[in-house]
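Please look through the model shown here before reading on. The paragraphs below start at a metal site and then follow the sheets and the surface.

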Amino acid sequence: MSNIRPIEHVFAPPAPHMVGDGFRVHNFFPGQIPKTRMSPFFLLDYNSKIDFSPSKEPRGVGVHPHRGFETVTIAYHGKVAHHDSAGNSGVIGEGDVQWMTAASGLLHKEYHEKEFSARGGLFQMVQLWVNLPAKDKMGKPKYQEIPNGKMGRHVLDASGSFMEVIAGNYKGTAGPAFTFTPMEVYNARLTKGGKADLSFPAHYNTAFLVVEGEVIVNGKPVTTDHFILFKNEGTEIILEATSNAIVLVLSGEPINEPIANYGPFVMNTWEELEQAVKDVNAGLFGVLED
Ligand code: MN
């Protein structure tokens with residue numbers, strides 16, 4: 001193919017760190033690339049497969065604030081529960097997604113679901129932070145629960161390979177997530193030998209995370225837990241599975257605005273970060289019990 005999109009770099013998983021006591025994550029970005037490099041996506045924390053022992057007290061992250069962006073949790077194994085000060089709560093399990101728009105600000109907590117916690121078991125998740133454009137940063141918080149059955153499903157072959165569309169549109173199959181800026185978020189779920197071709201505008205920042213199995217991406221073999229960053233040139237990507245595989249596909253139109261980040265806030269200026277801290281201390285993010 002003539003208009004192939006070249007790979008810029010394949011990242012091995014960096015050393016993990018704990019988020020609270022429930023999430024052992026590899027931060028693929030922004031840690032290893034410039035803050036705007038994957039815009040509109042700001043952060044990708046990947047909890048690679050880990051076996052949690054049974055625990056009476058659910059592991060997780062206690063009450064904390066967010067402002068200026070969205071947290072998107074994609075569950076591959078295990079179950080997580082969510083509560084926020086906007087009054088939303090939910091549980092997502094294998095294959096489900098929770099898309100929380102913090103926007104002007106809320107408090108939330110993220111925990112292993114009670115029964116999963118008591119049983120223990122295999123856990124694997126992605127948390128993605130999706131930035132908002134300045135005009136939407138101070139909008140109303142929003143919560144979208146996206147169970148697996150509501151996702152778009154584009155069949156790729158007779159052996160069971162399909163593109164699961166969370167946001168955006170793959171060859172006419174749309175995803176259910178509402179997004180503030182144009183982006184594509186899919187899980188390519190391929191059986192051994194399965195193949196998918198993808199095409200995104202060259203200026204869309206684009207990356208894959210291999211969540212399961214072994215794949216060949218534009219001729220290059222890539223294995224589980226590796227992150228593939230593409231250059232912003234060319235459009236076409238050929239993905240082939242050499243074992244049963246799951247690949248998280250991310251591509252989005254960059255938000256060309258300055259980024260100021262401090263902990264759980266993603267704004268445009270330092271003044272706005274200072275204001276966020278003041279507003280949390282003034283109780284403007286609402287109330288949520290521990
Ligand atoms: Mn959070």
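**From the metal site outward**

His64 is buried, at a relative accessible area of 16%; buried means under 20% relative accessible area, exposed over 50%, and partly exposed in between, with a 1.4 Å probe and protein chains only. This is a predicted model, in which local features need pLDDT of at least 70 and side-chain atom pairs count only at pLDDT 80 or more, while totals for chains, interfaces and linings use all residues. Residues are numbered from 1 along each chain as its sequence is written, and side-chain values use heavy atoms, with hydrogens and water left out.

His64 (NE2) is one of the protein donors of the manganese ion, together with His66 (NE2), His108 (NE2) and Glu110 (OE), at 2.1 to 2.4 Å from the ion. Donors are N, O and S atoms within 2.8 Å of the metal (3.2 Å for Na, K and Ca); water is not among the atoms, so sites may look incomplete. Along the sequence, the spacing of the donor residues is H-x1-H-x41-H-x1-E. His64 in strand 5 (residues 60-66) and His108 in strand 10 (residues 106-112) are 44 residues apart, and the pair links distant parts of the chain. Helices (H or I, at least four residues) and strands (E, at least two) are DSSP runs, numbered from the N terminus. His108 is also buried, with a relative accessible area of 0%.

Strands 5 and 10 belong to an open sheet of four strands, paired antiparallel in the order 5-10-7-8; two strands pair if DSSP finds at least two bridges between them. Strand 5 and strand 8 (89-92) are at the edges with a single partner strand each, so one side of each has no neighbour in the sheet. Strand 7 (residues 80-84) runs antiparallel to strand 10 and is joined to it by five bridges. Opposite His108 in strand 10 stands Asp84.

A further open sheet has seven strands in the order 1-22-19-24-17-14-13, with antiparallel pairing. Strand 1 (7-11) and strand 13 (152-155) are its edge strands, each pairing on one side only. Four bridges connect strand 1 with strand 22 (residues 227-230), and the two run antiparallel. Here Ile7 stands opposite Phe230 in strand 22.

The last stop is a helix. Val277 lies in helix 3 (residues 270-281). Its relative accessibility is 33%, so Val277 counts as partly exposed.
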